[in-house]
Each structure stands twice: as structure tokens, then as C-alpha cells.
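Colleague: I'm new to this one, so bear with me. Could you put it up and let me ask how you know what you say about it?

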Amino acid sequence: MREALAESQAALPLCAPNPPVGCVIVRGDQIVARGFTGRPGQPHAEAAALARLSADLDPHQLDLYVTLEPCSFAGRTPSCALAIVASGIRRVHVATLDPHPRNCGRGIQVLRNAGVRVQLGVLEDTVLSFIQPYLWSESIQPPAP
């Protein structure tokens, strides 16, 4: 997850107003693909990493690490959760839930419903301290109390 966090730092300041998200895909202890969230409308971290993945790798041998819960819905970009499911990767490690009310927990549920094993909370405090200033903008508001 530390490598995914390093990738998220590369997203700044391009990703604004979206949060900086990083992703790495590993086979064993070797990173085989990396990605970070681009400008609005460009691929999110997960999609960027999946696009860099070699076609000759067996997805069942891969683990995906991402700093923020994959999106469950399509907007300017397709759903990252559905892209992960379609890739065949069966193990996903997520630092923290996306607090956006349109997604919060839904991306995890999409993955689990498809049989993907999800580990939530990997380096959560460290990742949250980095992305917290970027989680809310005019388009992303905290839920009403």
C-alpha cells in the first residue's frame, strides 16, 4: 500500500477536484503495473494501472492495492469496481472507503458480490492523513448530519 500511496502523490495537482488516488498491481512481491488518477475525465488510478497490465499475466495470481475505494458508478469515467471485476483480479486491498455519498461502500460491495476478496483498512490512517484535504470540494460534499 505504501507504493500505491506514492503513486497517489503523482496525481497532484492534476487530479483536482478529485482526490489523489494511487494503485499498484502486484504478483507476489513484484509490482507489475502502476497508476494514479489523472485529470477529471481521464482514467482513475485503478483503470490506469489495469491498462498498463501485461496481457500474459494470470489475473488470478495478482493483487490490486488502491488508496481509495474503487468507484461503483460511471460518470465521466467508467466504474473502476466493474473494471476490476472484468479484469479477473480476485484480491483487492483498499486503504479506506470513499466518503462520497454516491459511492461509500458500494464499490466494495460490487467487488464482493462478484467474488473478489476485499481487504479494507490497509494503512488507512496514513492514507487518510494524506488524502483528507482533498476529499471534499464543491462537487463532493460530506453527507448532511
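Colleague: Which residue in S2 does Cys23 stand opposite?

Modeller: Keep in mind that this is a predicted model. In it, Cys23 stands opposite Gly35 of S2.

Colleague: How do you know that S1 and S2 pair?

Modeller: Pairing takes at least two bridges. S1 (residues 22-27) and S2 (residues 30-36) have six bridges, in the antiparallel sense, so they pair. The two strands form a hairpin with two residues between them, and Gly28 in the turn has a positive phi of about 65°.

Colleague: What makes you say that Cys71 is in no disulfide?

Modeller: A disulfide needs two cysteine sulfur atoms within 2.5 Å. For Cys71 the nearest cysteine sulfur is that of Cys80, 3.6 Å away, so the pair doesn't count as one. Cys15 is in no disulfide either, with the sulfur of Cys80 as the nearest, 13 Å away. The structure holds zero disulfides.

Colleague: Why is Cys15 called buried?

Modeller: Because its relative accessible area is 1%, and buried means under 20%. Cys71, at 9%, counts as buried too.

Colleague: Which residues have the most contacts inside the largest nonpolar core?

Modeller: They are Ile25, Leu50, Leu53, Leu64, Ile89, Val92 and Leu111, in a core of 33 residues. S1 gives the most to this core, with four residues.

Colleague: And what does Leu50 touch, leaving aside its neighbours within four places in sequence?

Modeller: Leu50 is in contact with Ile25, Leu64, Ala83, Ile84, Ser87 and Ile89.

Note on methods. Residues numbered from 1 in each chain as written. Predicted model: local features only at pLDDT ≥ 70, side-chain atom pairs only at ≥ 80, totals over all residues. Heavy atoms only, no water. Buried < 20%, exposed > 50% of the residue type's maximum accessible area, 1.4 Å probe, protein only. Core = buried A, V, L, I, M, F, W, Y, C linked by side-chain atoms within 4.5 Å. Contact = heavy atoms within 4.5 Å.
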